[in-house]
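Please open the model in your viewer and keep the selection panel at hand, since this tour moves from one selection to the next.

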Amino acid sequence: MDHSISSRSLSRSPSPSISPFNSKRMILNPVFHKFNFDSRNFEIKPLVSRQNRPVVVAVRSSNQKVHNDGFVLEDVPHLTNFLPDLPSYPNPLKKSQAYAVVKQTFVSPEDAVAQNIVIQKDSPRGVHFRRAGPREKVYFKSDEVRACIVTCGGLCPGINTVIREIVCGLSYMYGVDEILGIEGGYRGFYSKNTLTLSPKVVNDIHKRGGTILRTSRGGHDTNKIVDNIEDRGINQVYIIGGDGTQKGAALIYKEVEKRGLQVAVAGIPKTIDNDIAVIDKSFGFDTAVEEAQRAINAAHVEVESVENGVGIVKLMGRYSGFISMYATLASRDVDCCLIPESPFYLEGPGGLFEFIERQLKENGHMVIVVAEGAGQEFVAQSMPAVDEKDASGNRLLLDIGLWLTQKIKDHFTKVQKMTINMKYIDPTYMIRAIPSNGSDNIYCTLLAHSAVHGAMAGFTGFTVGPVNSRHAYIPIARVTETQKTVKLTDRMWARLLASTNQPSFLNCSEVLHHQEKAGRKTTEVINSERTTST
Ligand SMILES: Nc1ncnc2c1ncn2[C@@H]1O[C@H](COP(=O)(O)OP(=O)(O)O)[C@@H](O)[C@H]1O
Ligand SMILES: O=P(O)(O)OC[C@H]1O[C@](O)(COP(=O)(O)O)[C@@H](O)[C@@H]1O
Ligand SMILES: [Mg+2]
């Protein structure tokens with residue numbers, strides 16, 4: 001049986017059925033379980049830890065801590081959790097010419113991906129996720145699949161590639177030919193038209209930025225969306241979007257389960273900010289970092305050609321400074337990188353002005369990269385209180401780039417009486433409104449195919465993504481409960497400080513203290529600055 005280690009298998013036993021969002025955990029006895037599916041006996045081998053400890057299958061709620069020293073599987077739901085009599089069929093990939101020579105076409109039901117791969121000899125095996133990939137059995141007949149794809153939230157390079165590869169994956173691997181594109185994000189389910197998608201329609205779309213399905217913020221109405229899914233007879237829903245979108249996907253999945261519909265809900269995580277928890281990296285991030293090099297390069301060329309040139313490049317990153325950090329490290333032309341996670345100050349010893357003065361004396365020019373979410377509390381103090389949010393409820397950011405440019409200009413011309421040449425470059429949308437590069441295209445393909453294999457195999461309420469380079473099915477709540485931020489105590493940030501030689505603005509104990517609540521603090525600052533400003 002393919003999903004032998006899942007909570008679903010457990011729910012077939014006399015044990016109570018397990019919902020993916022409750023907090024039950026069960027220990028499998030290290031004996032073989034036999035179930036009869038489709039007149040075939042499948043032998044289910046329980047997983048045991050290397051130390052021969054019983055496996056713990058953890059079905060986690062957002063506040064649960066896994067604290068077992070054995071093997072822990074954080075599993076995703078399966079349609080048979082709530083539709084126990086659902087029939088299964090042989091995977092059509094068995095007959096695929098392309099896969100004929102593959103040594104192991106199907107992922108072993110026991111394969112799991114470890115969240116932590118750096119461990120010590122006696123450390124616990126820790127949390128694992130189900131490995132993504134094709135299964136021997138599928139829970140949909142190809143000609144009965146009616147799939148839909150929706151894209152929500154901000155843009156990101158590679159969305160069109162993901163759309164293309166879901167369509168081509170469904171069509172070429174599984175023979176599915178009913179695929180709908182929902183136009184304009186979540187609200188498109190109930191207020192917009194649909195597009196009929198086929199390999200022919202999507203053939204060239206990966207060469208274009210944006211999303212052919214268009215996107216939107218706001219408009220998530222679970223009941224209306226699921227009503228529409230039912231009305232259209234959709235049974236596979238592919239949802240491409242960031243943290244907000246994935247929260248919406250979890251609600252759709254819950255409603256589908258409540259109504260007992262045979263609908264697989266698969267999330268594909270998207271964000272330019274790379275702040276989605278658990279997964280290694282979000283698609284399009286590398287492309288954006290590459291594109292940011294062009295802006296940084298332009299700033300560098302400009303400022304090295306004038307007297308006392310100071311270039312400021314503002315890059316995206318609402319709560320996390322990954323784009324800025326990686327663009328800085330990649331470029332080597334950046335003298336200072338300011339991110340939301342690392343507080344900074346302008347005046348006095350160890351401050352930004354002192355650093356700029358030193359750089360100008362030594363080099364005659366400098367380049368600063370600033371993430372859009374950095375220093376929001378400063379900008380808020382200099383502006384009247386406003387309370388603007390986007391349609392999804394995300395607070396709109398104040399322009400740190402313009403604020404910083406003005407502050408530096410004022411300080412050096414008025415206080416220091418120096419001639420200074422400021423060049424402010426804001427390539428915000430330019431780094432995300434482009435097609436994905438080659439490696440992101442391949443990454444998007446793997447994400448899309450993993451999602452298709454997962455849905456066909458009957459998994460639902462999951463997000464796909466690489467964990468330590470292996471693609472996995474991750475419970476949606478796991479990727480939405482926290483946001484990934486730059487850790488000031490990690491070696492990557494130290495590498496950045498060493499490469500720019502910028503001040504760290506915090507002493508050692510301040511860093512540790514700040515880091516403890518860094519992610520939460522950044523979110524709090526951004527979400528509260530409008531109301532606290534005077
Ligand atoms: N907590 C939530 N619950 C349900 N839907 C949400 C939630 N947060 C956002 N959404 C919906 O997800 C979509 C995209 O969210 P948004 O925050 O704009 O972008 P992203 O998904 O990229 O983070 C919007 O349609 C929004 O209504
Ligand atoms: O102007 P828009 O389209 O709302 O997008 C701006 C925001 O979108 C982002 O690019 C990413 O946000 P999401 O991943 O939530 O879509 C942020 O960096 C930025 O603040
Ligand atoms: Mg978001």
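Begin by selecting Asp273, which is buried because 28 other C-beta atoms lie within 10 Å of its own, where 20 or more are enough for a residue to count as buried. Bear in mind throughout that this is a predicted model. The UniProt entry, which is unreviewed, places its annotation "active site" on Asp273. If you now show the secondary structure, you will find Asp273 in the loop that runs between strand E14 (264-269) and helix H7 (285-304).

Next, add the contacts of Asp273 to the selection: apart from neighbours within four places in sequence, these are Met316, Gly317, Arg318, Ser320, Phe322 and Ile323.

Then turn to ligand 1 and display the residues around it, which number 20. Those that come nearest to ligand 1 are Gly153, Gly242, Gly244, Gly248 and Ser392. Which helix should be coloured here as the source of the largest share of the shell around ligand 1? Select helix H6 (residues 243-259), which supplies 6 residues of that shell. Colouring the shell by residue class should show 14 polar residues, together with 3 nonpolar and 3 charged ones.

Finally, colour the protein chain by pLDDT, for which the mean is 86, with 82% of the residues reaching 70 or more. Select residues 6-65 as the last stop, where pLDDT stays under 50, although the model has 112 contacts beyond four places in sequence for this stretch. For the model as a whole, the scores are ipTM 0.98 and pTM 0.87.

Technical notes:
Residues numbered from 1 in each chain as written. Chains lettered and ligands numbered in written order. Predicted model: local features only at pLDDT ≥ 70, side-chain atom pairs only at ≥ 80, totals over all residues. Near = placed C-beta within 6 Å. Helix = DSSP H or I, 4+ residues; strand = E, 2+ residues; numbered from the N terminus. Nonpolar A, V, L, I, M, F, W, Y, C, P; charged D, E, K, R; others polar. UniProt positions renumbered as here; feature names shortened; annotations may be inferred. Buried ≥ 20, exposed ≤ 12 C-beta atoms within 10 Å, placed from the backbone. Contact = placed C-beta atoms within 7 Å. pLDDT = per-residue confidence, 0-100.
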